[in-house]
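This report describes selected local features of one protein model. The sequence and structure are shown first.

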Amino acid sequence: MRLADSDGDGPETELAPAGAFTAEERAAVYRAIYARRDVRDEFLPRPIPGPTLNRILEAAHHAPSVGLSQPWNFIIVRDPAVKAKVHDIFTRSNAEAARMFADARSVDYRRLKLEGILKAPLNICVTCDRARGGPVVLGRTHQRDTDLYSTVCAIQNLWLAARAEGVGVGWVSIFDPEDLRPILNIPPEIVVVAYLCVGFVDQLFARPELEARNWAERLPLDDLVFDGIWGKPRA
């Protein structure tokens, strides 16, 4: 269905039905959300076929973005030598992180396998170009960081699409993003938002691994929802 603009001038706007999905479609969406996991060490060596990777990247590219600025870029990393360099900076930072925890917690931390940089057949660095869309972007005039939030939305889309494809994703955050610049030739004005390990998996934790390993647990939703004002529990 196509409706003309209200003033009768300008391009037409194409509309589509906005009803609920079928029960099966809804179940598939919620399954992807609830079964998504941060994969650390379960990657298989099998390469990701090009069409599968393209579908995952297209899903990421269809994320919402402030002012339709689409500030993201995706650097696909396959070269083992490049992954080894990234792994080196992670290893140094991981040792520093372990020392930040108290003794018992530090021991638990060191037992965790927190990355799959070398094991995953594919790494993806997701960046944000904060100049994309020009100096004034619709919707970003008073909230400067909405371009970064938009890029994170793209990452979430990528993650859910990957889960639907049987592809695991792990987000590596234990290193200084500035250390990636010389390795991946990232310009100084481009922000590194995420470094992802991507590959097929044949098993996933039934619940988040950190919960299964008693590192943390999911908070009750009712504790996080307020009614009308901060701190007022909902009825």
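The text below covers a loop region, a strand pair and a surface patch.

The model is predicted, and every value given here was computed from its atoms.

**Arg132 and its surroundings**

Arg132 is found in the loop that runs between strand 4 (122-129) and helix 5 (146-164). With a relative accessible area of 27%, Arg132 is partly exposed, because the partly exposed class covers the range between under 20% and over 50%. Arg132 and Ser69 are 63 residues apart along the chain, yet 6.1 Å separates their C-alpha atoms. When neighbours within four places in sequence are left aside, the contacts of Arg132 are Ser69, Gln70, Pro71, Trp72, Asn73 and Val137. Two of the residues in that list, Gln70 and Asn73, also appear in the table of polar contacts below.

**Ser65 and Gln70**

Ser65 sits in the loop between helix 2 (50-61) and strand 3 (72-77). Is Ser65 buried or exposed? Its relative accessibility is 15%, so Ser65 counts as buried, the limit for that class being under 20%. Not counting residues up to four places away in sequence, Ser65 touches Gln70, Pro71, Trp72 and Ser150. Gln70 is thus named for both residues: its backbone oxygen is reached by the side chain of Arg132, and its backbone nitrogen lies 3.1 Å from a polar atom of the Ser65 side chain. Pro71 and Trp72 likewise occur among the contacts of Arg132 and among those of Ser65.

| Side chain | Partner | Distance |
|---|---|---|
| Arg132 | Gln70, backbone oxygen | 2.9 Å |
| Arg132 | Asn73, side chain | 2.6 Å |
| Ser65 | Gln70, backbone nitrogen | 3.1 Å |

**Strand 5 and strand 6**

Which strand is joined to strand 5 by bridges? Strand 5 is joined to strand 6 (residues 190-200) by 6 bridges, and the two run antiparallel. Within this pairing, Gly170 stands opposite Cys197 of strand 6. Strand 5 spans residues 167-172, and 5 of its 6 residues are buried, so the rest of the structure largely encloses this strand.

**A nonpolar surface patch**

Phe21, Val29, Tyr30, Ile33 and Tyr34 make up a nonpolar patch on the surface. Together these residues have about 540 Å² of accessible area. One of them, Val29, belongs to helix 1 (residues 23-35). Val29 has a relative accessible area of 38% and is partly exposed. That value satisfies the patch criterion on accessibility, because patch residues need over 30% relative accessible area.

Definitions and conventions: Residues are numbered from 1 along each chain as its sequence is written. This is a predicted model: local features need pLDDT of at least 70, side-chain atom pairs count only at pLDDT 80 or more; totals for chains, interfaces and linings use all residues. Side-chain values use heavy atoms; hydrogens and water are left out. Patches are made of residues with over 30% relative accessible area and no salt bridge: like charges are joined within 9 Å, nonpolar side chains (Val, Leu, Ile, Met, Phe, Trp, Tyr) within 5 Å. Accessible areas come from the Shrake-Rupley method with a 1.4 Å probe; for residues, only the protein chains shown count as cover. A salt bridge is a side-chain nitrogen of Lys or Arg within 4 Å of a carboxyl oxygen of Asp or Glu. Helices (H or I, at least four residues) and strands (E, at least two) are DSSP runs, numbered from the N terminus. Buried means under 20% relative accessible area, exposed over 50%, partly exposed in between (1.4 Å probe, protein chains only). Two strands pair if DSSP finds at least two bridges between them. Contact means heavy atoms within 4.5 Å. A polar contact is a pair of N or O atoms within 3.5 Å; within protein, one must be able to donate a hydrogen and the other to accept it, and residues adjacent in sequence count only if both atoms are side-chain atoms.
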